[in-house]
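Okay, thanks for making room for me on the agenda. I'd like to walk you through one interface today, so let's get it up on the screen.

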There are 2 protein chains.
Amino acid sequence: MSRSIAWLLCVFAVMVSAEAGVRRYRWDVKYEFKSPDCYKKLAITINGKTPGPTILARQGDTIIVEVTNRLVTENLAIHWHGIRQIRSPWSDGTEGVTQCPILPGDTFTYRFIVDRPGTYLYHAHYGMQREAGLYGSIRVLLPDGVAEPFTYDHDRSIILNDWYHASTYEQAAGLSSIPFVWVEEPQGHNMTVVEADGHYVEPIVVQNLFIYSGETYSVLIKIDQEPSRNYWITSNIVGRNATATTPPGLAILNYYPNHPKRVPPTDPPAGPIWNDIAPRLAQSVAIKARQGYVHTPPPKSDRAIVLLNTQNKIDGYNRWSVNNVSFTLPHTPYLIALKENLHHVFDQHPPPDRLHDFTTYDIYGVVNNTNATSSNAIYRLKFNSTVDIILQNANTMTVNNSETHPWHLHGHDFWVLGYGTGKFDAENDPKKYNLANPIMKNTVAVHPYGWTALRFVADNPGVWAFHCHIESHFYMGMGVVFEEGVEKVGKLPSEIMGCGETKAFKRP
Amino acid sequence: MSRSIAWLLCVFAVMVSAEAGVRRYRWDVKYEFKSPDCYKKLAITINGKTPGPTILARQGDTIIVEVTNRLVTENLAIHWHGIRQIRSPWSDGTEGVTQCPILPGDTFTYRFIVDRPGTYLYHAHYGMQREAGLYGSIRVLLPDGVAEPFTYDHDRSIILNDWYHASTYEQAAGLSSIPFVWVEEPQGHNMTVVEADGHYVEPIVVQNLFIYSGETYSVLIKIDQEPSRNYWITSNIVGRNATATTPPGLAILNYYPNHPKRVPPTDPPAGPIWNDIAPRLAQSVAIKARQGYVHTPPPKSDRAIVLLNTQNKIDGYNRWSVNNVSFTLPHTPYLIALKENLHHVFDQHPPPDRLHDFTTYDIYGVVNNTNATSSNAIYRLKFNSTVDIILQNANTMTVNNSETHPWHLHGHDFWVLGYGTGKFDAENDPKKYNLANPIMKNTVAVHPYGWTALRFVADNPGVWAFHCHIESHFYMGMGVVFEEGVEKVGKLPSEIMGCGETKAFKRP
C-alpha cells in the first residue's frame with residue numbers, strides 16, 4: 001500500500017572558524033506541503049525546510065535549540081542522536097523516557113554540550129515523526145589547531161531518510177513495517193571509510209558502504225577517474241526485496257567543469273543482491289578503531305544481558321519484541337518517575353537478563369508465540385558497572401525470514417566486541433571478543449540469524465533508551481530502557497514536565 | 001483539491017427507563033481506517049466507531065466520560081455542545097479556554113450534569129478533529145412522568161457532519177474553508193419542527209429544514225403517503241455552490257413491509273437553490289418559543305456588543321475575523337490563567353464593543369484590509385449583567401460575496417431577539433426585537449449581508465467561547481471569548497493543567 005522512495009540531500013558544509021562557545025538556534029516546527037520527489041505531501045519542517053538546518057559546531061560548544069511546536073494538535077520531541085548528554089540527561093529528547101512531549105504552542109529549550117567531534121544526527125523521537133521529515137545533521141568540528149588523521153580537499157554531507165507517500169498516521173495505523181537498510185554505491189570510485197558514529201576507524205576501502213538506520217560514516221573519495229564525464233551516486237535497499245516498490249536514490253558526482261546536471265553516460269548501477277548477508281557481515285567485522293585512537297574496553301563485564309530479537313502477535317497485532325516482551329512507553333517519563341518516586345507508573349518487575357529457555361530456543365524456527373506479552377519494565381544497571389549486551393537475531397513469524405535490526409543506544413557509545421552467525425554460545429563466543437581495537441559506536445546492526453556483542457560502562461547518570469532504529473520497529477515494541485545512577489541526576493527542569501502524573505507537580 | 005461528501009447516520013434510539021443518576025462511559029479515542037462512503041481514510045474513532053456512541057440520559061443525570069487518548073502523537077479535547085456546564089466550567093472541553101489538551105496516553109474525566117431535556121451534540125474542540133470523525137449525539141430525556149408537548153410513535157436520530165477525503169492535517173495546512181450549510185428534504189412528507197437546541201418551539205411545518213452547523217432540531221413526520229413504496233431523505237448544501245464537488249447525502253425512508261433497501265421509484269429531489277437566502281431567513285424568523293414554555297428575556301440589556309463578521313488577510317494568510325481582529329487561542333487556557341493571575345499569557349487590552357467606524361462601514365464593499373490584526377484578548381462581562389450581541393455580516397474579500405455563519409455560544413443559551421437584512425441600526429432595530437416569545441438557542445445563523453441580535457445573562461461563572469461553528473472558520477480566527485464571574489469558580493481540578501504556563505503549577 002505505501003510506496004517508499006529513497007532520496008538524497010547534499011548539504012554544502014561551510015567550515016566555521018569561530019571560537020568554541022554557545023550556538024543558539026530558534027526552530028519553528030510545522031506542517032507544510034513539500035514535493036521532494038515530485039509527489040506533494042505534508043511534511044514536518046523546521047524553519048520551512050526538511051531536512052532541517054544543519055547544526056555546525058566545534059567540540060566543546062554548548063548547543064541551545066529553542067524548539068517551538070506549531071503542529072496545531074500534535075506534540076513532538078527531538079533526539080540528538082550520538083550526543084551522550086553527559087550532565088544533561090533531560091535533553092536527550094526521548095518522549096516517555098526523558099521528557100514529556102512538547103505541546104502545540106509551547107517552546108522547549110534543549111541545551112547540551114557537543115563533547116566530541118564527528119558526524120551525528122538529530123531527529124524526532126515521538127511516534128513516527130522522523131519519517132514525516134523531522135530530522136537533520138549535526139557536525140562537530142575538531143578544536144582549532146587539532147588535525148584529523150586524514151586529509152581531504154572538499155567536504156560534503158549526505159543524509160538519508162525513508163520517505164513514504166503515505167502519512168505517518170496511515171503508517172502508524174497500519175502498523176506496517178518498512179524497508180530499512182541503505183546502500184550507497186559510487187561507481188568507479190572506491191570509498192575509504194575513516195569515521196563511524198563519531199569515532200575514527202582504521203581506514204578500510206569499500207566499493208559499497210552498507211549503512212544501517214541511525215549510523216553515520218565519513219568516507220574519503222579520490223576524484224581520479226576519467227574527468228570528461230559525471231558519475232552516478234546511488235543508494236539502494238538491501239535486506240528487503242524492494243526493487244518493485246522502492247526506486248533507488250540517485251545523485252550525480254560532478255566532475256568540474258562538466259555541467260552538474262549532465263547525466264552520466266551509463267545506467268545507474270544496480271545495488272548489491274538484497275539477501276546476500278555475507279558482504280554486510282564482512283564490512284561489520286572489518287571496522288576497527290583507528291590506531292592511536294583506540295579506547296580500550298574493560299577486560300571483563302559485570303553483567304551480560306542477552307536480548308533475543310523476535311516478532312510476536314499480541315491480541316492479534318503484529319509486534320516486535322525482545323525476549324518475547326514487546327516494549328511500551330509509559331505516559332509518565334521514566335526520568336521523572338524515578339526521581340520523584342512514582343513507582344506505580346510503570347511495571348517495577350524487571351525484565352529477564354535472558355530468555356528462560358534461551359539455551360533450547362530454535363532461532364531458525366518460526367516464532368512460537370505462546371509467551372508473548374507487552375511491558376514497560378526497565379533494566380536498572382549498577383552505576384559504573386560494565387555491561388555486555390548480546391543482540392541475538394532469530395526467525396520471524398515468516399518461514400525462512402530473519403531481518404536486520406540496527407540498535408541504537410542513547411547516552412553512550414559502546415564497544416562492538418564481536419559478531420557471529422547462528423546462536424550465541426555463552427561459553428565460547430566471548431573468548432573471541434575483540435578487546436584490542438574494537439570500534440566504539442552508538443548504533444550497530446544485528447544481522448539475520450546472527451548475534452552482535454557490545455559492552456559499555458554504565459557511568460552516565462540518567463535513563464537511556466536502547467532500541468531498533470527502524471522507526472516502525474521501535475513503534476511496534478523493539479526496545480528496552482536502562483537506568484543507571486539516576487540518584488546522581490541533578491534537579492530536573494520543570495520544562496520537561498506536563499504529562500502523565502507529572503502534570504500537577506510542584507515547581508521543583 | 002479536497003472532495004467532500006455528505007453522509008447520514010441513523011441511530012436507533014432506545015428509550016431507557018432507569019432512574020436519574022450517574023451514567024459513566026469509558027471511551028478509547030484512536031485513529032482507524034474507515035470507509036463510510038467507500039473511500040478508505042483515517043478517521044478518529046471512539047471505541048471503534050465514528051460517529052461515537054450516543055449518550056442517552058435523563059434530565060438531572062450526572063454524566064461521567066473517561067476519555068483515553070490513543071492518538072499516538074496527537075492531543076484532543078471534547079466539547080459537550082449545548083450543555084451549559086453550570087458549576088463545572090472546566091468540563092466544557094474547549095482547549096485553550098477551559099483546559100489543556102488531553103495528551104496521548106492520558107485519561108481525562110469529564111463530569112457534568114445534563115440539566116435540561118433535548119437533543120445535543122458532542123465533538124472535538126481542538127484543531128479540526130471534529131471533521132476527522134470525533135463527534136456524536138447526546139439525547140436527554142424528560143424526567144419520568146413528565147410528557148413532551150407532542151406525541152409520536154417512533155423516534156430516530158440523524159446526525160450530519162462534513163466528511164472530507166483530505167485529512168484534517170491537509171485541510172489545516174491548506175487553510176481551506178469548507179461547505180457548511182445543510183438541508184434535509186423528505187419528499188412528499190412535511191416536517192413539523194417541535195424542538196431546537198433543547199427548547200420546545202411553536203410547531204411550524206416545513207418541507208425543507210435549513211440546519212446550520214452546530215444546531216439540533218426535533219421534527220415530527222407523519223407517515224401518511226402511498227405505502228407501497230419507499231421515499232428519499234436527502235441532505236444538500238446551500239450557501240455554497242457545491243453541486244459539482246459535494247454529492248447529496250441520501251437515505252431511505254422505509255415504509256414497512258417494503259424492503260428497507262428498495263430504491264424509491266423517483267430520482268432524489270434536488271435541494272433548494274443554493275444562493276436563495278429569503279426562505280432561510282424566513283425559517284429563522286418563524287421559529288419562536290412554544291406557548292407555555294416561554295422564558296421571557298430581561299427587557300433591557302446592560303451592554304451591547306456589535307461583532308462585525310469579516311474576512312481579512314494577515315501576513316498574506318486568509319483569516320476570518322471579528323471587528324477586523326482575527327482570534328487566536330493562547331497556550332495557557334484562559335480559565336486557569338484568570339484563576340491563577342497569569343496576566344502575561346494573553347493580551348489584557350480588551351477588544352472593542354464595536355468597530356470604531358461601524359457607522360460608516362460599507363457592509364456591501366469588498367473588505368478593506370488595512371486594520372486587520374490578530375489577538376487573544378477577551379471580553380470580560382459584569383457578572384449577572386444582561387448582554388446583547390449583534391452579529392453583523394458583511395462582504396468578504398470577494399466581490400458580491402457574503403457567507404452564512406452559524407455562531408455557537410458555550411456555557412449559555414441565548415434569546416434570539418431578531419434578524420435583519422442590511423446593516424444594523426442601533427437606533428431603530430432594537431425597537432423591533434421580539435421580547436414576547438423569542439426562542440432560546442445555543443447556535444444561531446447570521447445570514448449574508450444581514451444581522452442577528454441575541455441576548456443572554458452573564459450568570460454562569462467561567463470562561464466561554466463564542467464562535468462560528470464552521471470548524472475551519474473558527475480555526476481561521478472567527479471567534480471571541482467571554483469571561484464572567486471567574487472569581488466565583490471553585491477550585492480548579494489539576495487534571496485540566498499541563499500546558500503552557502500551567503505545566504509546573506502546584507498541585508492545587
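So, how much area do chain A and chain B bury between them? Before I answer, keep in mind that this is a predicted model. The number is about 3,100 Å², and 59% of that sits on carbon and sulfur atoms.

In terms of residues, 36 from chain A are in contact with 36 from chain B. On the polar side of things, the rule turns up seven residue pairs in polar contact across the interface of chain A and chain B, with both partners at pLDDT 80 or more. And salt bridges between chain A and chain B? How many does the rule find there? Zero.

Now, which elements of chain A are involved? Strand 2 (22-34) and helix 1 (168-174) are the ones that give two or more residues to the side touching chain B. Helix 1 of chain A has the largest share of that side, with four residues. If you sort that side of chain A by class, you get 17 nonpolar residues, eleven polar ones and eight charged ones.

Last bit, the symmetry. Take chain A, turn it by 179° with a shift of 0.0 Å along the axis, and it lies on chain B with an RMSD of 0.0 Å. The two copies are therefore related as by a two-fold rotation axis. The contact sets tell a matching story: 100% of the interface residues of chain A are interface residues in chain B too, so the copies meet through the same surface.

That's what I had. Over to you.

Note on methods:
Residues are numbered from 1 along each chain as its sequence is written. Chains are lettered from A and ligands numbered from 1 in the order in which they are written. This is a predicted model: local features need pLDDT of at least 70, side-chain atom pairs count only at pLDDT 80 or more; totals for chains, interfaces and linings use all residues. Side-chain values use heavy atoms; hydrogens and water are left out. Contact means heavy atoms within 4.5 Å. Buried area is the accessible area (1.4 Å probe) that two parts lose on being put together, summed over both. A salt bridge is a side-chain nitrogen of Lys or Arg within 4 Å of a carboxyl oxygen of Asp or Glu. A polar contact is a pair of N or O atoms within 3.5 Å; within protein, one must be able to donate a hydrogen and the other to accept it, and residues adjacent in sequence count only if both atoms are side-chain atoms. Ala, Val, Leu, Ile, Met, Phe, Trp, Tyr, Cys and Pro count as nonpolar, Asp, Glu, Lys and Arg as charged, and the others, Gly among them, as polar. Copies are superposed by least squares on the C-alpha atoms of residues with pLDDT of at least 70 in both.
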